[in-house]
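Subject: The structure, and some notes on it

Hi,

Here is the structure I promised to pass along. My notes follow below it, so please keep it open while you read.

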Amino acid sequence: MKSFPWLTMFVVLPISAGSLIFFLPHRGNKVIRWYTIFICIVELLLMTYTFSYYFELDDPLTQLIEDYKWIHFFYFYWRLGIDGLSLGPILLTGFITTLAILAARPVNRDSRLFHFLMLAMYSGQIGLFSSQDLLLFFIMWELELIPVYLLVAMWGGKKRLYSATKFILYTAGSSVFLLMGALGIALYGTKEPTFNFETLANQSYPMALEIIFYIGFLIAFAVKSPIIPLHTWLPDTHGEAHYSTCMLLAGILLKMGAYGLVRINMELLPHAHSIFSPWLIIVGAIQIIYAALTSLGQRNLKKRIAYSSVSHMGFIIIGICSLSEMGLNGVILQIISHGFIGAALFFLAGTSYDRIRLLYLDEMGGMAAPMPKIFTLFSILSLASLALPGMSGFFAELIVFFGIITDQKYLLMPKILITFILVVGIVLTPIYLLSMLRQMFYGYKLFNAQNSYFFDSGPRELFVSIAILLPVIGIGIYPDCVFSLSVDKVEAILFPFFYR
């Protein structure tokens, strides 16, 4: 069974099963929804079974490899495989996508297309995290763009077309750099072009050329992560998107940029990465402070949570550039942790909007009394976001801290300065999150308003919120469940930085 093409099945199953949705009755909204959820659950169970039986945790090499020639005259291969770096994001994708589809309220407008696009995104995300070929990586990267554009443009808020257009311009524009970098690396210095990650990781380049390739890939991943100043599409897209789309954007899409930085910039271009790392650490530190302060000034609830995502991505950038085992393990934990917490906060923001039809914080107030369950869940997950001990975010940020402090590459004074900036960022995080909770749930505005009876959280909302909260607490109590996946792979990634 180990030779069975498991990964190909995981990539192809959602989009091929999703295409059958168009044969279901147009008005069968419940049928379409439960069919889509069934596909997601089957895929998640199959992935869990395959990885638990056929993936060896102590092996840093790529496993479950599939290598088929796809287009003969173009050296284009269908190459898939997973390792400790991609296993966590793949399982996160399965989990968050299943809950995002369950979270979507019955979609009245073109339900078939909505659910097909969600499954198409699922395929693209699994394909990206498991691809071992640079051109296949690019194709999966592009496969994300059209579903997200349509999901925002068709099921978004009042400014949905503006936000969707801004998203596609930023992300499609940055993809040009990814394609140019991929073609440049593949065509350089070999008799026949190769896009194979394994071959490219052992290839060396002239320093000037490696820096050019690095900048190209960095622009592509900086837009998706996002890294300032290429982040402005994110708050607009989150502000207008349907909350199930926001769950996928915050939970998985942003993590694709961080994954690309590690998989391509770190693994394929280590010399250039060691040159750019100090500068990117400065950018990451500025991003944490800037996004936290900007978040505090946002009136729109979803934009405030979006800027908090940008701030948390600063920790990931610092961890990637710390060039230490602790820092990089912290990055992988932060990718998983923020995937859960970001998705949960957007889901709860959406359920609140469904009830009170308000998005601006200064119009809210007094929601705690009529909606105690939503208040409790929102409070717990906001505390998880501000890295409360016992939650997954605490260990992720703490280990990134230790990664930068214990790193031998940097001098003492820069380390003290960066640590001070990180501490300021950690102090600002509770300010904007607790201020958000105060404006939403305390006071008397809605409590005194006419028609002030609101439904509290129903079984669907409770199930989705608790399903996300349990792994957040689980990882917070026992983070080794994530480290056991990545620790050997992290050593292998960092090997060229110290022994080349």
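Let me start with a polar contact of 3.4 Å, which joins the side chain of His338 to that of Ser309. Before going further, please keep in mind that this is a predicted model.

His338 has a second partner of this kind: its side chain also makes a polar contact with the side chain of Lys255, at 3.0 Å. Where along the chain is His338 found? His338 belongs to helix H14, which covers residues 325-356. Is His338 buried or exposed? Its relative accessibility is 5%, and because buried means under 20%, His338 counts as buried. Leaving aside residues up to four places away in sequence, His338 touches Ala250, Lys255, Ser309, His312 and Ala343. Val283, by contrast, is not on that list; the C-alpha atoms of His338 and Val283 are 20 Å apart in space, with their positions 55 residues apart in sequence.

Thr98 is another residue to look at. Thr98 sits in helix H3 (residues 84-103) and is buried too, with a relative accessibility of 10%. A polar atom of the Thr98 side chain lies 2.6 Å from the backbone oxygen of Gly94. Not counting residues up to four places away in sequence, Thr98 touches Cys40, Ile41 and Leu44.

Now for the nonpolar side. The largest nonpolar core has 178 residues, and Phe51, Leu301 and Phe378 are the ones with the most contacts inside it. Helix H11 (residues 243-268) provides the largest share of this core, with 17 residues. As background, nonpolar side chains tend to be buried together in soluble globular proteins. To see what surrounds Phe378, look for its contacts beyond four places in sequence: Leu301, Ile305, Leu345, Leu348, Ala349, Ser352, Met436, Leu437, Met440 and Phe441.

How many aromatic pairs does the structure hold? There are 23. One of them is Trp141 with Phe221: the ring centres are 5.3 Å apart and the planes meet at 75°, so this pair is edge-to-face. Trp141 lies in helix H5 (residues 134-143) and Phe221 in helix H9 (residues 207-224), so the pair ties together parts that are 80 residues apart in sequence. Both rings belong to buried residues, Trp141 at 1% relative accessibility and Phe221 at 0%.

Tyr214 and Phe276 make a stacked pair, because their ring centres are 4.8 Å apart and their planes are at 20°. Here helix H9, which holds Tyr214, is linked to helix H12 (residues 270-296), which holds Phe276, so the pair ties together parts 62 residues apart in sequence. Tyr214 is buried at 0% relative accessibility, and Phe276 also counts as buried, at 18%.

Trp141 turns up once more, this time with a charge: the charged end of Lys224 sits over its ring, 4.2 Å from the centre. The charged end of Arg33 likewise sits over the ring of Trp34, at 5.9 Å from the centre.

Finally, have a look at Phe51 again, one of the residues with the most contacts inside the largest core. Phe51 is also part of an aromatic cluster, together with Trp6, Phe10, Tyr49, Tyr53 and Tyr54.

Happy to go through any of this with you.

Best wishes

How values were computed: Residues numbered from 1 in each chain as written. Predicted model: local features only at pLDDT ≥ 70, side-chain atom pairs only at ≥ 80, totals over all residues. Heavy atoms only, no water. Core = buried A, V, L, I, M, F, W, Y, C linked by side-chain atoms within 4.5 Å. Buried < 20%, exposed > 50% of the residue type's maximum accessible area, 1.4 Å probe, protein only. Helix = DSSP H or I, 4+ residues; strand = E, 2+ residues; numbered from the N terminus. Contact = heavy atoms within 4.5 Å. Polar contact = N/O pair within 3.5 Å; in protein donor to acceptor, adjacent residues only side chain to side chain. Phe/Tyr/Trp six-rings, centres within 6.5 Å; stacked < 30°, edge-to-face > 60°. Lys NZ or Arg CZ within 6 Å of the ring centre and 35° of its normal.
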